[in-house]
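Me: I would like to go through this structure slowly, asking at each step what justifies the words we use for it. Could you set each value against its cut-off before you conclude?

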Amino acid sequence: MRFPALAVVLTLCCGLATGCSKGISRATAAAVLSFKGIVVFGNAEQNDFQPVTLKSRIHDGNTVRTSDGVLLDLALIPAALTHVSANSEIKIEELRITKDGNQTDGGMRDRSARIRLSQGTITVLFSKADKSASHLSIDARQVGISVDSDCLFRVQTDDTTTRVTCGRGKIYVSVGAQSPVTIAAGYFQQWPSAGPGPLPVADDATAQIDITESLGIGDQLRKLQSDWQNRRPF
């Protein structure tokens, strides 16, 4: 009887270990840090929108729109803070967190955010304050942008062009099936592109303005996040 009993115990232990190690993934929501003017969000397909408030929680599938003179600051996930400029539209494609299966508090493994910039301008501050993995991806018409380390960058898109400018760190940009291009701090690139790769910000007056504004917005986002966490921790 000893060996069957031992087998049962081993099977049970393995099952428990597997259950404990398996991460549990669930959807989460973006938090509003601040806004100026009337920002609306909701289901674009049903044209069902409502005004943003500081208590709004913006979920997967929601579209956010700003009009002339209207601004919005969001925490997509704790690592990814986003400033949405006037006359812009973004869609929250997916926001997810993964926790350890045996943890109800803490035990965070992974946070990820995926959004689409349909038009306008966003400035993004990505910074990881803990050891959990964090990822951000952005679709902006012609290009896809991915981020996994500390950085600050701006994305602008309209009906014809998309422009990406990096102020700190580095980001990865892909177009179709092409290999991703790395854009480091102090460089920018615009698509469709006539050049072979990113260009120095020092060579372009508009890119210099983008960098200056992005640095100021980055400082503002840090302060807003600190104030928000003091009110209601993530």
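Reply: Let us begin in helix H2, where aspartate 227 and lysine 223 both lie, four residues apart, which is about one turn of the helix. Please keep in mind throughout that this is a predicted model.

Me: What makes the meeting of the side chains of aspartate 227 and lysine 223 a salt bridge?

Reply: The rule asks for a side-chain nitrogen of Lys or Arg within 4 Å of a carboxyl oxygen of Asp or Glu. For aspartate 227 and lysine 223 the N to O distance is 3.0 Å, so the pair satisfies the rule and is called a salt bridge.

Me: Why is lysine 223 called exposed, and why is aspartate 227 called partly exposed?

Reply: Exposed means over 50% relative accessible area, buried means under 20%, and partly exposed is what lies in between. Lysine 223 has 56% relative accessibility and therefore counts as exposed, whereas aspartate 227, at 31%, falls in between and therefore counts as partly exposed.

Me: Which residues are joined into one network by salt bridges that share partners?

Reply: The network is made of Arg154, Arg163, Asp204, Asp210 and Glu213. Within it, the side chains of aspartate 210 and arginine 163 meet at 3.6 Å, N to O, and because the cut-off is 4 Å, this pair too is a salt bridge. Aspartate 210 lies in helix H2 (residues 205–231) and arginine 163 in strand E14 (residues 162–168), so the pair ties together parts that are 47 residues apart in sequence. Both aspartate 210 and arginine 163 are buried.

Me: How many salt bridges does a search of the whole structure find, and what does the one between arginine 65 and glutamate 89 tie together?

Reply: The search finds 10 salt bridges. In the one between arginine 65 and glutamate 89, the N to O distance is 2.8 Å. Arginine 65 belongs to strand E6 (residues 63–65) and glutamate 89 to strand E9 (residues 89–100), so the parts that are tied together are 24 residues apart in sequence. Glutamate 89 has a relative accessible area of 17% and is therefore buried, while arginine 65, with 31%, is partly exposed.

Me: How do you know that cysteine 151 and cysteine 166 do not form a disulfide?

Reply: A disulfide needs two cysteine sulfur atoms within 2.5 Å. The cysteine sulfur closest to that of cysteine 151 is in cysteine 166, and it is 6.2 Å away, which is too far for a bond. By this rule the count of disulfides comes to zero.

Me: Are cysteine 151 and cysteine 166 buried or exposed?

Reply: With a relative accessible area of 3%, cysteine 151 is buried, and cysteine 166, with 0%, is buried as well.

Me: Why is strand E2 said to be largely enclosed by the rest of the structure?

Reply: Five of the seven residues of strand E2 (residues 30–36) are buried, and the strand is therefore described as largely enclosed. E2 is joined by two bridges to strand E5 (residues 57–58), and these strands run antiparallel; here alanine 30 stands opposite isoleucine 58. E2 also pairs with strand E7 (residues 71–77) in the antiparallel sense, over five bridges, and alanine 31 has alanine 75 of E7 as its bridge partner.

Me: Which residues of the largest nonpolar core touch the most other members?

Reply: That core has 39 residues, and those that touch the most other members are Ile58, Leu76, Ile122, Leu136, Ile145, Phe153 and Ile171. The largest share of this core, six residues, comes from E10. Leaving aside neighbours within four places in sequence, isoleucine 58 is in contact with several residues, including Ala29, Val32, Phe41 and Leu95.

Me: Why does threonine 121 count as buried?

Reply: Buried means under 20% relative accessible area, and threonine 121 has 15%, so the word applies. This residue lies in strand E10 (residues 108–126). Beyond its neighbours within four places in sequence, threonine 121 is in contact with residues that include His83, Ser88, Arg154 and Gln156.

Me: What share of the residues in the protein is buried?

Reply: Of the 234 residues in the protein, buried residues make up 40%.

Terms used
Residues are numbered from 1 along each chain as its sequence is written. This is a predicted model: local features need pLDDT of at least 70, side-chain atom pairs count only at pLDDT 80 or more; totals for chains, interfaces and linings use all residues. Side-chain values use heavy atoms; hydrogens and water are left out. Buried means under 20% relative accessible area, exposed over 50%, partly exposed in between (1.4 Å probe, protein chains only). Contact means heavy atoms within 4.5 Å. Two strands pair if DSSP finds at least two bridges between them. A nonpolar core is a set of buried Ala, Val, Leu, Ile, Met, Phe, Trp, Tyr and Cys residues joined through side-chain atoms within 4.5 Å.
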